[in-house]
Amino acid sequence: MQLIHPDDREKVGSIINEAYQTKQSFEFEHRIVLPNKKIRILHGKGKVISDEAGNVKAMLGTSQDITERKKADQALHRSDERFRAVSAATSDVVYDIDLQTNTMWFNDALNTEYNYPQRRTLYTPDWRLNHIHADDRERVKASIEALLDRQDKTWVSEYRFRLHDGTYIDIRDRAFVLRDTDRKPIRIIGSMLDISQQKELERAKDKFISLVSHQLRTPLTSMRLLTEMLSSGYAEELTVSQHDYVQKIESSTVRMIHLVNEILGVSSIETGRLNVRPTETDVCALIQTQIDEITPLAEQRVKITYTPDETARTVTVDPTLFSQIVHNLLTNAVRYTLRDGATIHVSFQKVREEYILTVQDHGIGIPMEAQPHIFNGFYRANNAIKARGDGTGLGLYLIRLILDMTGGKIWFKSQEGEGSTFYVSLPSCGMMNNQMNKAIIQKTQA
Ligand code: ADP
């Protein structure tokens, strides 16, 4: 009794007293104060032993230290309260899926924002899935299944979701998975953000860009043709300075055509209008064609070496997209190599479960501070701008978009002044088509 916290003594005394009177078993929690003044919480349990005449002979009991469990319970309770408070404060729809009971809890936003009735019974993951647009449903389902199979914690997906009035909105869904000690998934907690406005703006922007680019193409093509005719003396012989001016107009026109084509390429991928058509392809021949095409640009300044690897000759790729990748990497390697006589090495090999394309140059390299940005659209490093005024900053971005869509990856190693090596990997099945990859791509957005 001495150890019992002074505030709990009365309570403990009366419970034991009552048990003595009623001869019932008893159970209670109380605090004790240790000699070092630390407080612990104990859980006590006991029963009363009486003889045949009903006289109490003894009281038996056990005490268990439950301080740590109590602390954990309180922390859980606090974090649960915080979760509910955040859920109530946001207009995003927040959900909590219990994978053991297969039920799904939503915050009030499901009612206030999407107009669904607040039900007494819980919603289910299937209910949510059935309200996803039919064209997106299989993809989302597959990516959730893949998420649960993998050991990933986070997941992001975009899909169209049906509101109570039957209309659809664009959603960005971010979730994380809680797993038990055996790594088995037990809960998925996430939020559904309405991104319809953002999507609408993106669609308008893409439409505008593609319309303008298409409109620019026709006059540019005729400008190119006409300047070519002028400079070849088709109309009249030109003076040397006239010829010089016309050639400058011609090269600017070619550059603009190139820019418009790259913008169109990017916008068709970004809007998902591009179809990937993987077929069995002689990849070595494709690479060789690209090298042959680029050789005049290299103007015998640089040498390109490539030895086809027979074990990686036939691969399932989209020939146009694959050629575009090789073309962009090769042009960069040639354009950013200023030293005469330098060599560019190209290889395409099967390395374990992947195909790896490598383009290595000994050119100007990429400055350290520029390295994190070079796959962003329109980004160009300072040394590249100085060396070549005519870049668009879209070539690598385009490669990245193609690979994101087809299940590949791109990375590089580079040192300023030493050169760069770009690597592209494709899965062993080659390039995937949009549908196959869409399900898997969720992991990267995650
Ligand atoms: P562009 O070459 O038209 O500027 P890219 O998207 O192809 O656009 O490349 C983006 C930037 O990455 C370049 O401006 C340059 O700074 C850098 N870069 C790409 N390839 C190389 C390379 N082989 N050597 C040095 N810098 C490179």
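The following exercises, each with a worked solution, concern a predicted model of a protein chain.

**Exercise 1. Domains of the chain**

State which domains the assignment gives, and find the separation of the centres of domain 1 and domain 4.

Solution. Begin with the bounds: the domain assignment gives domain 1 (6-65), domain 2 (71-194), domain 3 (201-268) and domain 4 (279-445). Next, take the centres over C-alpha atoms: those of domain 1 and domain 4 are separated by 77 Å.

**Exercise 2. Length and burial of helix 1**

Compare the span of helix 1 (residues 6-22) with the expected span, and determine how many of its residues are buried.

Solution. Step one concerns length. Helix 1 has 17 residues, and at 1.5 Å a residue these should span 24 Å. The C-alpha atoms at its ends are 25 Å apart, which agrees with that expectation. Step two concerns burial. Among the 17 residues of helix 1, the count of buried residues is one, and the helix is hardly covered. Step three looks beyond the end of the helix, where K23 follows with a positive phi near 60 degrees.

**Exercise 3. Length and burial of helix 11**

Carry out the analysis for helix 11 (residues 395-406), and name the residues that are buried.

Solution. Helix 11 consists of twelve residues. From its first C-alpha to its last it reaches 17 Å, close to the 16 Å expected at 1.5 Å a residue. As to burial, ten of the twelve residues are buried, and helix 11 is mostly covered. The buried residues are G395, L396, Y397, L398, I399, L401, I402, L403, M405 and T406. After helix 11 comes G407, whose phi is positive, near 90 degrees.

**Exercise 4. Surroundings of the ligand**

Identify the closest residues around the ligand, and classify the shell by residue type.

Solution. First, the shell: 22 residues surround the ligand, and the closest are R380, A381, A384, G391 and G395. The elements that give two or more residues to this shell are helix 9 (319-335) and helix 11. Then the types: eleven residues of the shell are nonpolar, nine are polar and two are charged. One of the closest residues, G395, is also among the buried residues of helix 11.

**Exercise 5. The three-stranded sheet**

Determine the strand order of the open sheet of three strands, and describe how its strands pair.

Solution. The order is 1-2-3, and the pairing is antiparallel. Strand 1 and strand 3 (56-65) are the edge strands, each pairing on one side only. From one strand to the next, the twist averages 30 degrees.

Now take the pairs in turn.

- Strand 1 (residues 26-33) and strand 2 (residues 39-50) pair in the antiparallel sense over eight bridges. V33 has I39 of strand 2 as its bridge partner. The two strands form a hairpin with five residues between them, and K37 in the turn has a positive phi of about 75 degrees.
- Strand 2 and strand 3 pair in the antiparallel sense over nine bridges. Here S50 stands opposite V56 in strand 3.

**Exercise 6. The two faces of strand 6**

Sort the side chains of strand 6 (residues 154-162) by face, and state which are buried.

Solution. The general principle is that in a regular strand the side chains alternate between the two faces of the sheet. In strand 6, W155, S157, Y159 and F161 point to one face and are buried. T154, V156, E158, R160 and R162 point to the other face and are not buried.

To complete the picture, consider the partner of this strand. Strand 6 pairs with strand 7 (residues 168-179) in the antiparallel sense over nine bridges, and the bridge partner of V156 in strand 7 is R174. These strands form a hairpin with five residues between them; G166 in the turn has a positive phi of about 95 degrees.

**Exercise 7. Exposure of Q215**

Is Q215 buried or exposed?

Solution. Locate the residue first: Q215 is found in helix 6 (residues 196-231). Next, count its neighbours: 11 other C-beta atoms lie within 10 Å. A residue counts as exposed if that number is 12 or fewer. Q215 is therefore exposed. Finally, the C-alpha atoms of Q215 and V260 are separated by 9.9 Å, although these residues are 45 residues apart along the chain.

Notes: Residues are numbered from 1 along each chain as its sequence is written. This is a predicted model: local features need pLDDT of at least 70, side-chain atom pairs count only at pLDDT 80 or more; totals for chains, interfaces and linings use all residues. Helices (H or I, at least four residues) and strands (E, at least two) are DSSP runs, numbered from the N terminus. The expected span of a helix is 1.5 Å times one less than its number of residues. A residue is buried if 20 or more other C-beta atoms lie within 10 Å of its own, exposed if 12 or fewer, and partly exposed in between; C-beta atoms are placed from the backbone. Domain bounds come from an automatic or database domain assignment. Two strands pair if DSSP finds at least two bridges between them. A residue is near a molecule or strand if its C-beta atom, placed from the backbone, lies within 6 Å of it. Ala, Val, Leu, Ile, Met, Phe, Trp, Tyr, Cys and Pro count as nonpolar, Asp, Glu, Lys and Arg as charged, and the others, Gly among them, as polar. Axes are lines fitted to C-alpha atoms, for helices over the stretch in contact, and angles run from 0 to 180 degrees between N-to-C directions.
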